[in-house]
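Got the viewer open and a hand on the selection tool? Let's walk through this one stop by stop.

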Amino acid sequence: MAWAVGGTCAFVGLLAVVLGTVTLRTGWVLPTARRHVTRPGLHGLGALFMGTSILLQGLVHLGVLAGVSWEARVLGEIGCLFTGLLLIALSHLLPPRRTLEHADPPGA
């Protein structure tokens, strides 16, 4: 049964890493979050951090990664998870950046 938990964590983490990479490269966000995200770059970076944390947790649970003390591993995973959560929250809360296309012309 341990392989089911570790495999699920590894799959979900890998999916989040892929979606974060796609968001960083193209600016595309899943349709369920598209309406709320004002800064796709922050959203993609947050998904990368959270996905990395979940992926590492799944790989350690499966026994693929070993060697680091559990204290360092847990603190690192929690740090990545909360950093990702903070970046995703900021991508929803911060106002969108103004680009040159949307800026007021000089002298107006």
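Before selecting anything, a word on how elements are named: helices (H or I, at least four residues) and strands (E, at least two) are DSSP runs, numbered from the N terminus. This is a predicted model, where local features need pLDDT of at least 70 and side-chain atom pairs count only at pLDDT 80 or more, while totals for chains, interfaces and linings use all residues. Residues are numbered from 1 along each chain as its sequence is written, and side-chain values use heavy atoms, with hydrogens and water left out.

**Stop 1: the two ends**

Pick R98, in the segment after α3. R98 is exposed, at 59% relative accessible area. For these labels, buried means under 20% relative accessible area, exposed over 50%, and partly exposed in between (1.4 Å probe, protein chains only). The areas themselves come from the Shrake-Rupley method with a 1.4 Å probe, and for residues only the protein chains shown count as cover. Draw a distance from R98 to M50: the two are 48 residues apart in sequence and 28 Å apart in space, C-alpha to C-alpha.

Now jump to M1, in the segment before α1. M1 also counts as exposed, with 75% relative accessibility. From M1 to V17 you step 16 residues along the chain, and their C-alpha atoms sit 25 Å apart.

**Stop 2: along α1**

Next, select T8 in helix α1. Is T8 buried or partly exposed? Partly exposed, at 48% relative accessibility. Its C-alpha is 28 Å from that of L90, and 82 residues of chain lie between the two positions in numbering.

**Stop 3: a glycine in α2**

Move on to G44 in helix α2. G44 is buried, with a relative accessibility of 0%. Measure across to L24 and you should get 5.1 Å between C-alpha atoms, for residues 20 apart along the chain. Which residues does G44 touch, once its neighbours within four places in sequence are set aside? They are G20, T23 and L24, where contact means heavy atoms within 4.5 Å.

**Stop 4: inside α3**

Click S91, found in helix α3. S91 is buried too, at 0% relative accessible area. Ignoring neighbours within four places in sequence, S91 is in contact with H36, V37, T38, R39, L42 and H43, so show those side chains together with their partner if you want the surroundings of a residue that counts as buried.

Stay in helix α3 for R73 and E77, which are 4 residues apart, about one turn of the helix. Their side chains meet in a salt bridge (4.0 Å, N to O). The term stands for a side-chain nitrogen of Lys or Arg within 4 Å of a carboxyl oxygen of Asp or Glu, and the structure holds 1 of them. The partners sit in unlike settings: R73 is partly exposed, at 31% relative accessible area, whereas E77 counts as buried, at 13%.

**Stop 5: the largest pocket**

Turn on your pocket display. The largest pocket has a volume of about 190 Å³. Of its 14 lining residues, the closest to the centre are L19, L30, H43, A47 and I88. Two or more lining residues come from each of α1 (2-26) and α2, and α1 gives the most, with 5 residues. The search runs on a 1 Å grid over the protein atoms alone: a pocket is an open set of points where a 1.4 Å probe fits, with protein on both sides within 12 Å along at least five of seven lines, and lining residues have an atom within 4 Å of a point. Grid points are joined across faces, edges and corners, and the volume is the space filled by probe spheres set on the points.

**Last stop: a nonpolar patch**

Finish by selecting W3, L56, L62, V64 and L65, which form a nonpolar patch on the surface with about 500 Å² of accessible area together. Patches are made of residues with over 30% relative accessible area and no salt bridge; like charges are joined within 9 Å, and nonpolar side chains (Val, Leu, Ile, Met, Phe, Trp, Tyr) within 5 Å. Zoom in on L65, in the loop between α2 (40-62) and α3 (70-93). L65 is partly exposed, at 36% relative accessible area.
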